[in-house]
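Visitor: I have not looked at this protein before. Could you take my questions one at a time?

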Amino acid sequence: MRVLGVDPGLTRCGIGVVEGVAGRPLTMLGVGVVRTAADDEIGVRLVGIERGIEEWLDRYSPELVAVERVFSQHNVRTVMGTAQASAVAMLCAARRGIPVALHTPSEVKAAVTGSGRADKAQVGAMVTRVLRLSAPPKPADAADALALAICHIWRAPAQNRLQQAVAAHHRLGGAGAPHASAVKGRIR
């Protein structure tokens, strides 16, 4: 599986491509950052991010794009820029029919380091170890993009099995264990 990880941001949008399957050594194919000037108008910046992501999609032909799920921060302006960059990445993938997976920062940290509260240095160190790199990718946005791709590759098999089990449960008319909402109504 070849995954393009995107750590969205308006000034620095981290991009990383990882190839492999869960349980086997993974390989980094490319890592970088799409940059835009903070003093450019928002439309120009978004077009710059789009062009950068399109170049990566052309060069690496990923099977999936993993994007960091935007979460609420204290700085609304930062959240808006992150959400806009995230939407550009999803749009570029959708235009090509490439599936998109969203992962929260804590999911990525937990998958890569074992702790959902890991700091950027810990994520960078584990990305370096997992991908057998000589040094952590710089800036941290690039390492975070690789971590997103790693997270998806490692989590995808379990997510697929869960989705298949839910689909089978529904095909069988919901036979088997009662749904959690049904149990909840019976507990007093």
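Visitor: Leaving aside neighbours within four places in sequence, which residues is Thr82 in contact with?
Guide: This is a predicted model, and Thr82 is found in helix H2. Its relative accessibility is 16%, under the 20% limit, so Thr82 counts as buried. Once neighbours within four places in sequence are left aside, the residues in contact with Thr82 are Pro8 and Val70.

Visitor: How many Å apart in space are Thr82 and Cys13, C-alpha to C-alpha?
Guide: Along the sequence, Thr82 and Cys13 are 69 residues apart. In space, C-alpha to C-alpha, the distance between Thr82 and Cys13 is 8.9 Å.

Visitor: Is Ser86 buried or exposed?
Guide: Ser86 is placed in helix H2, which covers residues 76–95. Not counting residues up to four places away in sequence, Ser86 touches Pro8, Val67, Glu68 and Val70. The relative accessible area of Ser86 is 3%, and buried means under 20%, so Ser86 is buried.

Visitor: Which residues does Tyr60 touch, not counting those up to four places away in sequence?
Guide: Tyr60 has its place in helix H1 and, at 14% relative accessibility, counts as buried. Tyr60 and Leu29 are 31 residues apart in sequence, and their C-alpha atoms are 8.0 Å apart in space. Leu29 is also among the residues touched, the list being Arg2, Val17, Leu29 and Gly30.

Visitor: At roughly what angle do the axes of H1 and H2 cross?
Guide: Two packed helices are described by the angle between their axes and the distance between the axes. The axes of H1 and H2 come within 9 Å, and they cross at roughly 40°.

Visitor: Why is H1 oblique to H2?
Guide: The axes of H1 and H2 cross at roughly 40°. An angle under 35 degrees would count as roughly parallel, and 65 to 115 as roughly perpendicular. The crossing angle falls in neither range, nor over 145, so H1 is oblique to H2.

Visitor: How many nonpolar residues does the contact of H1 with H2 have?
Guide: H1 passes H2 in a right-handed crossing. From H1 the contact takes Ile42, Leu46, Ile49, Glu50, Ile53, Glu54 and Leu57, and from H2 it takes Gln84, Ala85, Val88, Ala89, Cys92, Ala93 and Arg95. By class, 3 residues of the contact of H1 with H2 are charged, 1 is polar and the nonpolar ones number 10.

Visitor: How do H3 and H4 divide their contact residues, that is, how many are nonpolar, polar and charged?
Guide: Helix H3 (residues 105–113) and helix H4 (residues 120–130) pack at about 50° with axes 9 Å apart, and H3 and H4 are therefore oblique to each other. H3 passes H4 in a left-handed crossing. Lys109, Val112 and Thr113 of H3 make the contact with Gln122, Val123, Met126 and Val127 of H4. These residues divide into 4 nonpolar, 2 polar and 1 charged.

Visitor: Where is Ser61, which has a positive phi?
Guide: Most residues other than glycine have a negative phi, and most peptide bonds are trans. Ser61 is not a glycine, but its phi is positive, at about 45°. At 51% relative accessibility, Ser61 counts as exposed. Its place is in the loop between helix H1 (42–60) and strand S4 (64–68).

Visitor: Is Arg132 buried or exposed?
Guide: Arg132 lies in the loop between H4 and H5 and has a positive phi of about 55° although it is not a glycine. The relative accessible area of Arg132 is 52%, and the limit is over 50%, so Arg132 is exposed.

Visitor: What is the peptide bond from Lys138 to Pro139?
Guide: Pro139 is found in the loop between H4 and helix H5 (140–171). The omega of the bond from Lys138 to Pro139 is near -10°, and the bond is cis.

Visitor: Over which residues is the pLDDT below 50?
Guide: The protein averages a pLDDT of 89, and 87% of the residues score at least 70. One stretch falls below 50 and, beyond near neighbours in sequence, has 2 contacts in the model. Where pLDDT is low, the predicted coordinates should not be read in detail. The stretch is residues 180–188.

How values were computed:
Residues are numbered from 1 along each chain as its sequence is written. This is a predicted model: local features need pLDDT of at least 70, side-chain atom pairs count only at pLDDT 80 or more; totals for chains, interfaces and linings use all residues. Side-chain values use heavy atoms; hydrogens and water are left out. Helices (H or I, at least four residues) and strands (E, at least two) are DSSP runs, numbered from the N terminus. Buried means under 20% relative accessible area, exposed over 50%, partly exposed in between (1.4 Å probe, protein chains only). Contact means heavy atoms within 4.5 Å. Axes are lines fitted to C-alpha atoms, for helices over the stretch in contact, and angles run from 0 to 180 degrees between N-to-C directions. A crossing is left-handed if the near helix is turned anticlockwise from the far one by less than a right angle, and right-handed if clockwise. Ala, Val, Leu, Ile, Met, Phe, Trp, Tyr, Cys and Pro count as nonpolar, Asp, Glu, Lys and Arg as charged, and the others, Gly among them, as polar. pLDDT is the predictor's confidence in each residue, from 0 to 100.
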